[in-house]
Amino acid sequence: GSDLEKIMRKLRTGTSSRDEAQRLEATAMATCAQLKRDVAAAEESADIAAKQHQELLAEVQAWEAEIDEGRQRQANVESWVRGEKEAIARLSDEAQRYGQERLLAEQQTHDRRNALKAELRSAAAEQEQLA
């Protein structure tokens, strides 16, 4: 900025000597060289920042993938647990139904045994009467 403005002002006045013109040219060249270095450094910084941005973005995407994977695993586990609970409920219902059927069968067997005993007693009584 300011060096370049001084040079331009001096060049416009046209009163500079040959030595001063050479000094101004050297200063202008040095200023341009510095500006080129500054631009190169800024470009390098921008490249580094862009690279860091890409690295961070890749890291965030990896984290998001891990989170999604974890959510999927959790959903799978929850689904499995639901299935197991349903299976347990079905087995419990079947066991209860089986228990009721067994009690009914036992009651029927008991009733049938009593009926047969009664028939045998009746038949025995008839035998005694006939004898």
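The radius of gyration that I will quote in a moment is taken over C-alpha atoms, and the rule for a globule is 2.2 Å times the number of residues to the power 0.38. Please keep in mind throughout that what we have on the screen is a predicted model.

With that in hand, let me begin with the overall form: by this rule a compact globule of 131 residues would have a radius of gyration near 14 Å, whereas the protein in front of us has 52 Å. The extents of the C-alpha trace say something about this as well, since along its principal axes the trace spans about 165 × 15 × 10 Å. As for secondary structure, the protein comes to two helices and zero strands.

Turning now to the surface, buried residues make up 4% of the 131 residues, and the protein exposes about 11600 Å², of which carbon and sulfur atoms supply 55%. On the charges, there are 20 positive and 26 negative ones in the protein, and the mean positions of these two groups are 5 Å apart.

Let me finish with one local feature, which is a nonpolar surface patch of about 340 Å², made by L4, M8, L11 and L35. Which helix gives the most to this patch? It is helix α1, covering residues 2-13, which contributes three residues to the patch. One of the patch residues, L11, has its place in helix α1, and you may ask whether L11 counts as buried or exposed. L11 counts as exposed because its relative accessibility is 52%, and the cut-off for exposed is over 50%.

Note on methods. Residues are numbered from 1 along each chain as its sequence is written. This is a predicted model: local features need pLDDT of at least 70, side-chain atom pairs count only at pLDDT 80 or more; totals for chains, interfaces and linings use all residues. Side-chain values use heavy atoms; hydrogens and water are left out. Patches are made of residues with over 30% relative accessible area and no salt bridge: like charges are joined within 9 Å, nonpolar side chains (Val, Leu, Ile, Met, Phe, Trp, Tyr) within 5 Å. Accessible areas come from the Shrake-Rupley method with a 1.4 Å probe; for residues, only the protein chains shown count as cover. A salt bridge is a side-chain nitrogen of Lys or Arg within 4 Å of a carboxyl oxygen of Asp or Glu. Helices (H or I, at least four residues) and strands (E, at least two) are DSSP runs, numbered from the N terminus. Buried means under 20% relative accessible area, exposed over 50%, partly exposed in between (1.4 Å probe, protein chains only). Lys and Arg count as positive and Asp and Glu as negative; His and the chain ends are not counted. The place of a charge is taken as NZ of Lys, CZ of Arg, CG of Asp or CD of Glu.
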